[in-house]
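Dear colleague,

I am handing over the structure below, and my notes on its ligand site and its empty spaces follow it. Please read them with the coordinates open.

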Amino acid sequence: MRIAILGGGVGGLGLAYFLSRHAPTPLRIDLFEEGAAVGGLAGKFQHRGRWFDRHYHVVLASDRHLRGLIRDLGLEAALTFARSRSGLWDGSRIIPFDDPLDLVRFPYLGWVDKARLIATILFCQHAGDPEGLHAVELEPWLVRLGGARAFERVWAPLLRTKFDGAFDGIPATYLWSRIRRMQSTRDTGGAVEKLGILRGGTHALVDSLTAVLPQTGDVTIETNARVTGLEPEGRSTWVYVDGREPRGPYDVVVSTLPSPVHDRVARSGGAAARVPVPDRYLGLIDVVVVLERQLSPYYTLYLLDPSLPFTGVMETTNLVPGGERGGTHLVYLPRYADAAGKEYGQDDETLKARYVGRLFEMFPELDPGDVQGVYLFRERFVEPVHLVGGAFPVFPESLETRRPGVYLMNTGRLYPLLHNCQAVVAMAHRTALYLLERHG
Ligand SMILES: Cc1cc2nc3c(=O)[nH]c(=O)nc-3n(C[C@H](O)[C@H](O)[C@H](O)COP(=O)(O)OP(=O)(O)OC[C@H]3O[C@@H](n4cnc5c(N)ncnc54)[C@H](O)[C@@H]3O)c2cc1C
């Protein structure tokens with residue numbers, strides 16, 4: 001069987017890995033990646049001769065499928081877990097927000113509102129009906145459950161920064177899935193949150209997959225290979241790659257491209273997705289500030305200050321054992337933004353100057369001499385956004401396109417789960433087994 005995989009992120013590479021590992025007879029797999037290197041959202045950048053993740057990435061203790069892959073690739077020893085601390089920036093100071101006592105001390109809510117906030121979190125931890133919650137809009141649901149004050153003072157500022165201002169039509173599953181995922185990061189007493197980080201970054205997983213794939217079977221990886229179209233021929237499909245001869249014909253094509261890109265590429269081959277998800281995407285601007293010294297002890301700072309242009313402050317090196325930081329501290333300033341919007345459209349230097357300027361205002365003790373470098377990475381399609389009333393993807397129907405033999409396996413299909421490497425690796429594994437059963 002000849003298989004083409006479109007896209008070389010964790011999803012495409014993971015699919016190639018599981019297909020070749022489980023196939024009873026060797027498969028011929030060609031993977032096409034538009035970028036100069038594979039990795040997609042889990043890609044890397046170089047600073048002073050060392051490689052770092054372009055975007056902050058952590059592993060959770062409960063990431064069973066991801067940890068299984070890490071183990072299979074012999075990277076287990078490179079995975080370390082450390083206490084992760086969170087805080088809330090209220091516009092003038094950091095309020096610790098990572099253990100139950102912090103909630104007791106939280107200054108912006110009275111006792112009744114705090115109790116309702118806890119009830120909201122407990123409800124999400126125990127509610128088991130995501131399809132029911134998909135039909136309910138987040139804002140009125142949160143106000144009903146936790147009260148108007150908790151909504152205005154805590155949830156609304158966080159949601160505004162996360163959704164580039166407006167969160168109308170977002171379903172209750174949004175909070176449900178986040179709270180459930182983060183629940184597993186707590187120890188049994190619930191007091192300490194621990195997160196894992198791969199030495200060398202998540203791209204160590206990508207590098208390892210890339211190295212191992214050619215040895216697992218007949219797998220080729222082409223980079224700088226932008227797929228522009230598909231062409232049916234009988235039961236097979238040709239893949240058109242920008243500026244190159246058509247490739248194929250393939251018995252099976254699996255696209256891992258974001259839905260708008262897939263639909264554009266697949267139009268010619270009549271292979272649009274059958275399940276129209278997600279309803280839209282948010283893009284991302286991620287400014288990475290490389291510092292000589294630690295900024296704060298927090299891994300995450302959530303922001304209650306709407307004037308800040310970024311969504312949070314993520315200091316990933318707080319999870320890395322001291323000796324391995326090598327005098328380098330990484331602070332990520334992500335901003336989720338509509339790729340067609342004004343913020344996304346600004347040039348790199350303007351954005352860097354504004355984001356770093358605001359960071360200096362937050363931390364006046366930061367000295368310009370502390371900054372080793374500032375980098376900016378943009379992604380057009382990052383966060384799949386699902387709306388109340390939108391389709392609810394169910395595996396394996398959600399993989400289907402209008403053309404037999406062509407499938408779509410992207411992060412839009414994970415809903416109501418969040419998109420992360422654990423969910424993507426699990427989906428890739430499941431998809432590989434499904435395809436081998438159906439076509440093998
Ligand atoms: C800021 C941020 C923080 C994150 N934090 C975490 C975390 O802490 N833990 C975690 O597990 N996950 C995290 N994630 C999520 C994780 O990175 C993604 O879920 C995962 O990498 C998605 O992989 P993918 O292969 O599905 O998609 P992608 O990585 O988007 O891969 C799609 C690939 O397709 C390629 N492509 C696009 N168009 C074409 C074309 N026409 N032809 C050929 N190729 C094309 C792209 O270049 C890309 O390489 C984070 C993501 C971001 C952005």
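A backbone N or O atom of Val58 lies 2.7 Å from an oxygen atom of the ligand, and a backbone N or O atom of Leu41 is placed 2.8 Å from a ligand oxygen, while for Gly40 the corresponding distance, again from a backbone N or O atom to an oxygen of the ligand, is 3.5 Å. Please keep in mind that this is a predicted model. Taken alone, the ligand exposes 1000 Å², of which the protein buries 91%. Helix 1 (10-22), strand 14 (280-291) and helix 13 (421-439) are the elements that give two or more residues to the surrounding shell.

That shell holds 30 residues, the closest to the ligand being Glu33, Leu41, His57, Val58 and Cys421, and by class it divides into 14 nonpolar, 12 polar and 4 charged residues. As for where the ligand sits relative to the domains, it lies between domain 1 (2-53 + 201-276 + 392-439) and domain 3 (195-199 + 280-385), because both of them give residues to the shell.

Turning to the open spaces, the second largest pocket has a volume of about 560 Å³. Its lining is made of 24 residues, and those nearest the pocket centre are Leu414, Leu417, Leu418, Ala423 and Ala426. Helix 8 (173-183) and helix 13 each supply at least two residues of this lining, with helix 13 providing the largest share, 5 residues. The lining residues of this pocket divide into 12 nonpolar, 7 polar and 5 charged. Domain 1 and domain 2 (99-188) both contribute to the lining, so the second largest pocket lies between these two domains.

What does a search for enclosed space give? Across the whole structure, 1 cavity of 30 Å³ or more is found, and the largest cavity has a volume of about 200 Å³. It is lined by 17 residues, among which Tyr174, Glu383, Pro384, His386 and Tyr415 are the closest to its centre. Helix 8 and strand 18 (371-385) are the elements that give two or more residues to the cavity lining, and helix 8 gives the most, with 4 residues. By class, the lining of the largest cavity has 10 nonpolar, 5 polar and 2 charged residues.

Two elements therefore recur in these notes, and may be convenient places to begin when you look through the model.

With best regards

Notes. Residues numbered from 1 in each chain as written. Predicted model: local features only at pLDDT ≥ 70, side-chain atom pairs only at ≥ 80, totals over all residues. Heavy atoms only, no water. Near = heavy atom within 4 Å. Polar contact = N/O pair within 3.5 Å; in protein donor to acceptor, adjacent residues only side chain to side chain. Areas by Shrake-Rupley, 256 points an atom, 1.4 Å probe, with all protein chains shown as cover. Nonpolar A, V, L, I, M, F, W, Y, C, P; charged D, E, K, R; others polar. Domains from an automatic or database assignment. 1 Å grid on protein atoms, 1.4 Å probe; cavity = no way out; pocket = protein on both sides within 12 Å on 5 of 7 lines; lining within 4 Å. Points joined across faces, edges and corners; volume = space filled by probe spheres on them.
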